[in-house]
Amino acid sequence: MNLILDQGNTATKIVLVDRGEAVYTAACSRLTSEELAALIDRYRPERGIIASVATPDPAWLPLLRRRLCRFLSLNDDPTIRLPITLGYRTPETLGRDRIAAAVGAWTLRPEVPLLIIDAGTAITYDVVLPPGHFVGGNISPGLTTRFRALHDYTRRLPLISERDEVPDLGVTTEEAILSGVVRGIVYEMNGYIETMHAKHPHAAVFLTGGHAPYFDRRLKCRTFASENLVWLGLNRIIEYNEDK
């Protein structure tokens, strides 16, 4: 059994994987060493991996290295092998979540070009080409980040959050913000998808991240919406390093 820790900007996702299937999933804003130890005692994972968009919690690392037979840190272990190659000029600055999502998508569809859209605090657009080459990608502000920026950097615009119904045009300031932000992101995503398909007609598009369900039904193109890409990728990295 493998223990997967995905430490994001707002929460840490915990997944326990047994023979490729998730047997336990959770997300928490703060995970203590005591809670982590209790989870290990309960499920007895043999291997584990952590990926963090910042710096992994230092309180976890000694515990994980002590309690697991094999532990990998995608943030600071230069010996980790990846099943895909990276064409990024500064791989040390490439988000670990972006690497993991790319590996996850490639694991599911290794035979076709891939566009991976991760809609979270930031929105990332990454491209992987057969036989498994990460060629690069772009980063833009996410949904909540855009709402917050309009409120924080203006004097009178209110802070709002996403709503299910989005008008074509706002007739109040709140509707104008909602429609402008949501439809702006939808146009952005559709533009990336159309550009990808113009270059690679048989490309598969993966949509992941916390806001993936919100945008999936608003896009013109069919996507593979999956909240599991990151943990699938991290689990594949564990297995790949065991094979070497």
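D152 is partly exposed, with a relative accessible area of 43% (buried is under 20%, exposed over 50%, partly exposed in between, using a 1.4 Å probe and protein chains only). This is a predicted model, where local features need pLDDT of at least 70, side-chain atom pairs count only at pLDDT 80 or more, and totals for chains, interfaces and linings use all residues. Residues are numbered from 1 along each chain as its sequence is written, and side-chain values use heavy atoms, leaving out hydrogens and water.

**Salt bridges**
- The structure has 13 of them (a side-chain nitrogen of Lys or Arg within 4 Å of a carboxyl oxygen of Asp or Glu).
- D152 pairs with R148, with the closest N and O atoms 3.5 Å apart.
- Both sit in helix α4 (residues 143-152), 4 residues apart, about one turn of the helix (helices are DSSP runs of H or I, at least four residues; strands are E, at least two; numbering starts at the N terminus).
- R148 is partly exposed too, at 40% relative accessibility.
- D168 and R183 meet at 3.0 Å, N to O.
- That pair links distant parts of the chain, with D168 in the loop between α4 and α5 and R183 in helix α5, 15 residues apart.
- D168 is exposed at 61%, while R183 is partly exposed at 23%.
- Shared partners join R47, R70, E239 and E242 into one network.

**Sheet**
- An open, mixed sheet of 6 strands runs in the order β6-β9-β8-β7-β10-β11 (two strands pair if DSSP finds at least two bridges between them).
- β6 (85-86) and β11 (224-225) are at the edges with a single partner strand each, so one side of each has no neighbour in the sheet.
- Strand β10 (residues 204-208) runs parallel to β11, joined by 2 bridges.
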